[in-house]
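Please open the structure in your viewer and keep the selection tool at hand. The tour below proceeds one selection at a time.

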Amino acid sequence: MPIDLHTHSNASDGTLDPAEVVAEAARHGLTTLALTDHDTTAGWDEAGEAALRNGVALVPGVEISTHHGGVSIHLLAYLVDPADPALTEEMERARASRDTRMERMVAKLAEGGIPITIEEVLEQATPGATLGRPHIADALVAAGHVRGRNEAFDELLHDRSPYYVRHYAPDVLRAVRLVRAAGGVPVMAHPFANRRGRTVGDEVIEQMAAAGLAGLEVYHRDHFGPERLHGEALADRLGLFVTGSSDFHGAGKENRLGENTTDPAVLAQIEEQATSGVTVVRR
Ligand code: AMP
Ligand code: FE
Ligand code: FE
Ligand code: ZN
């Protein structure tokens with residue numbers, strides 16, 4: 001019963017429509033998937049309808065941008081109230097800041113001799129989508145500056161690049177509390193993915209657990225053997241469950257649906273812990 005709890009559509013930086021993500025999941029034999037776009041729940045309705053049509057279960061979710069001490073942390077929130085005022089305000093702030101940050105990154109690239117316009121970037125995104133560096137990457141590919149998203153990140157867009165600009169995100173401990181207050185179940189995404197950017201130490205994860213964190217996404221392609229063992233031990237010590245997911249972004253990343261999966265007993269815990277009234281969509 002393959003369960004994949006982390007996927008993206010073009011409501012953020014994935015390349016497929018929400019309905020296409022669900023149809024792909026069905027084709028790959030998944031029984032359950034979570035749609036977890038960055039800082040938006042805009043894909044939920046379309047994905048829910050597609051889930052009913054395709055006979056897969058959909059867990060409505062979101063991947064919230066947060067930080068701690070300047071280090072970016074992605075927080076998955078499952079079955080959260082999408083209308084919760086405090087949480088939606090934070091996500092709206094993050095999305096607005098992502099828009100202005102995109103303009104600043106484009107300006108820096110242009111100053112650095114890599115001519116690209118904000119219009120070219122916006123052409124790569126669905127109107128209203130949460131903008132992210134993958135959209136700049138796609139514009140750089142379209143303009144012939146790089147061959148793919150990977151090359152764009154490695155050479156120009158990584159978080160130590162001179163062209164990198166941060167965007168607003170709430171502190172992670174506040175975000176964990178907001179997700180719980182909105183009836184959702186918070187899980188730390190790819191906690192040890194230190195090849196993609198800076199990560200926090202275990203003491204921060206310990207504080208997150210004290211603030212109400214439910215789980216750690218241990219089985220993820222950015223974690224190798226030692227990190228998986230460490231994640232399992234840490235989760236055990238802090239009383240957290242562990243999840244596994246693909247972090248599928250369509251054609252934008254190599255990640256394939258169902259390449260890492262979550263135990264059905266963990267999904268049951270997520271459903272038990274949620275208090276928002278939002279439920280898994282299944283026939
Ligand atoms: P941002 O949200 O603007 O900070 O950009 C981060 C997003 O870029 C994450 O959601 C990743 O999925 C994506 N990303 C990071 N590194 C790569 C890469 N090498 N290739 C494709 N996408 C990437
Ligand atoms: Fe992404
Ligand atoms: Fe992430
Ligand atoms: Zn993700």
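The stops that follow lead from two metal ions to a bound ligand and the residues around it. Please bear in mind throughout that this is a predicted model.

**Stop 1: the iron ion, ligand 2**

Select ligand 2, an iron ion, together with D13, H38 and H249, which are its protein donors. The donor atoms are OD of D13 and NE2 of both H38 and H249, and they lie 2.2 Å from the ion. Along the sequence these donors follow the spacing D-x24-H-x210-H. Now colour the model by secondary structure. D13 is found in the loop between strand 1 (3–7) and helix 1 (18–27), while H38 belongs to strand 2 (residues 32–38), so this pair ties together parts that are 25 residues apart in sequence.

**Stop 2: the iron ion, ligand 3**

How far apart are the iron ion (ligand 2) and the iron ion (ligand 3)? A distance drawn between these two ions should read 5.5 Å.

Next, select E63, H74 and H190, the protein donors of ligand 3. They contribute OE, ND1 and NE2 respectively, at 2.1 to 2.2 Å from the iron ion. Their spacing in sequence is E-x10-H-x115-H. H74 lies in strand 4 (residues 71–78), whereas H190 lies in the loop between strand 5 (185–188) and helix 8 (202–211); the pair therefore ties together parts that are 116 residues apart in sequence.

**Stop 3: ligand 1 and its contacts**

Move to ligand 1, which sits in the largest pocket. Display the 14 residues that surround ligand 1; the closest are H38, R101, R133, N150 and K253. H38 is already familiar as a donor of the iron ion (ligand 2).

Three contacts with oxygen atoms of ligand 1 deserve a distance label:

- D13, through a polar side-chain atom, at 3.1 Å
- R133, through a backbone N or O atom, at 2.8 Å
- K253, through a polar side-chain atom, at 2.8 Å

Switch on the protein surface as well: the protein covers 91% of the 500 Å² of accessible area that ligand 1 has on its own.

**Stop 4: the shell around ligand 1**

Which helix gives the most to the shell around ligand 1? Select helix 6, which supplies 3 residues. Helix 6 spans 149–157, and helix 3 (85–111) and helix 5 (133–142) also supply at least two shell residues each.

Finally, colour the shell by residue type. The shell around ligand 1 comprises 7 charged, 5 polar and 2 nonpolar residues.

How values were computed. Residues are numbered from 1 along each chain as its sequence is written. Chains are lettered from A and ligands numbered from 1 in the order in which they are written. This is a predicted model: local features need pLDDT of at least 70, side-chain atom pairs count only at pLDDT 80 or more; totals for chains, interfaces and linings use all residues. Side-chain values use heavy atoms; hydrogens and water are left out. A residue is near a molecule or strand if one of its heavy atoms lies within 4 Å of it. A polar contact is a pair of N or O atoms within 3.5 Å; within protein, one must be able to donate a hydrogen and the other to accept it, and residues adjacent in sequence count only if both atoms are side-chain atoms. Accessible areas come from the Shrake-Rupley method with a 1.4 Å probe; for residues, only the protein chains shown count as cover. On a 1 Å grid over the protein atoms alone, a cavity is a set of points where a 1.4 Å probe fits but cannot get out, and a pocket is an open set with protein on both sides within 12 Å along at least five of seven lines; lining residues have an atom within 4 Å of a point. A molecule sits in a cavity or pocket if more than half of its atoms lie within 2 Å of its grid points. Helices (H or I, at least four residues) and strands (E, at least two) are DSSP runs, numbered from the N terminus. Ala, Val, Leu, Ile, Met, Phe, Trp, Tyr, Cys and Pro count as nonpolar, Asp, Glu, Lys and Arg as charged, and the others, Gly among them, as polar. Donors are N, O and S atoms within 2.8 Å of the metal (3.2 Å for Na, K and Ca); water is not among the atoms, so sites may look incomplete.
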